[in-house]
Amino acid sequence: MSSSTNFDLITTIRYDIALLNNSWNTTVNCGQPSPFMLLPYHFDRLKAATALHGWQDLFTSISWPSFQSTCHRAIQPYDTSLRLVLQRTGGINITMETTTPISGDPMLAAQISPSLDSLPHSLGIPIPLFLDIVATPSSLFTASKTTHRGHYAAARARLGLPTVGGSADVLLWNTQGMLTETSVRNLALFRRGRWVTPHDSTGCLRGVTRRWLLEQGLIVLDEQEYLRKNAVQEGELVLLFNAVEGCRIAVAHLRKP
């Protein structure tokens, strides 16, 4: 399918000067403060995706210094996210979108237990998360981030959500009934005292923030297949995360009113 479908590889990067004061972001960036969130992981993601889709010529031609320079040349003097598109020809296009400034630690939600009587106000209003009614088959286009996103748009449409934006999201599952991700975020459910995220074998997106949370031990892989769609409970809290927002809390709903 990858060879017969026209698509580009994408990664979306948060730029925020507040990140200069986040020690964990500095550590990831080889000890150098950076206004880009988890930038080396975005580079690794693109390299891994070129290998996954058989773009071997680009795998060897993309360099870390040139990637850094491209991102720095594109920034504007405000908080923004960069949507970087790597074309099959090797060309890179970047578009930008203004984001809400970071007011605290964007990874705080991953350190919260659902057993708390109330969530910290700084986490914001939980995201309504609706369980999809149809399976989304796993493929190279769920395991990597590309411009081929019709399956995500279809899932959102089934739940009456706009193609992009809005306050809600949809919880996806594969043909084996295993949870995978949402339309724009990775996820974890609280099981046996830990936040547990879908295993790579489900075909889920191996996201940038997901990688960092796994490395820090804040989430663990679902080795026991706890995360089946029929195990989702109405009203339970779900940890969502991506490379622009960091971590968010959602509330699961088995059906949309």
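Let's start with one rung of a sheet: Arg 83 has Thr 95 of strand S3 as its bridge partner. Keep in mind that everything here comes from a predicted model.

Zooming out from that pair, strand S2, residues 80-86, runs antiparallel to S3, and the two are joined over seven bridges. They belong to an open sheet of three strands, ordered S1-S2-S3 and paired in the antiparallel sense. The edges are taken by S1 (9-15) and S3 (92-98); each has a single partner strand, so one side of each lacks a neighbour in the sheet. On average, neighbouring strands here are turned by 20° against each other, ignoring direction. Helix H2, residues 39-52, packs on this sheet and touches S1 and S2, with its direction at about 180° to that of S1.

Now for the nonpolar cores. Which residues have the most contacts inside the largest one? They are Leu 38, Trp 212, Leu 239 and Cys 247, in a core of 24 residues. Four elements that each supply at least two residues of this core are tabulated here.

| Element | Residue range |
|---|---|
| Helix H1 | residues 23-28 |
| Helix H7 | residues 208-215 |
| Strand S10 | residues 237-242 |
| Strand S11 | residues 246-253 |

There's also a second, separate core of 19 residues, and Leu 9, Ala 49, Leu 58 and Leu 82 are among its members.

Back to Leu 38: once neighbours within four places in sequence are set aside, its contacts are Trp 24, Asn 25, Val 28, Met 107, Val 208, Thr 209 and Trp 212. As for H7 itself, its buried residues are Val 208, Thr 209, Arg 210, Trp 212 and Leu 213. After H7 comes Gly 217, which has a positive phi, near 75°.

One more residue deserves a look, and that's Arg 156, which sits in helix H6 (residues 150-158). Is Arg 156 buried or exposed? With a relative accessible area of 4%, Arg 156 counts as buried, because the cut-off for that label is under 20%. Its side chain reaches the backbone oxygen of Pro 162 at 2.6 Å. If you leave out residues up to four places away in sequence, Arg 156 touches Leu 161, Pro 162, Thr 163, Val 164, Gly 165, Ala 168, Asp 169, Val 170 and Ser 183. So Pro 162 turns up both as a residue touched by Arg 156 and as the owner of the backbone oxygen that the Arg 156 side chain reaches.

Conventions. Residues numbered from 1 in each chain as written. Predicted model: local features only at pLDDT ≥ 70, side-chain atom pairs only at ≥ 80, totals over all residues. Heavy atoms only, no water. Pairing = 2+ DSSP bridges. Axes fitted to C-alpha atoms, helices over the stretch in contact; angles between N-to-C directions. Contact = heavy atoms within 4.5 Å. Buried < 20%, exposed > 50% of the residue type's maximum accessible area, 1.4 Å probe, protein only. Polar contact = N/O pair within 3.5 Å; in protein donor to acceptor, adjacent residues only side chain to side chain. Core = buried A, V, L, I, M, F, W, Y, C linked by side-chain atoms within 4.5 Å.
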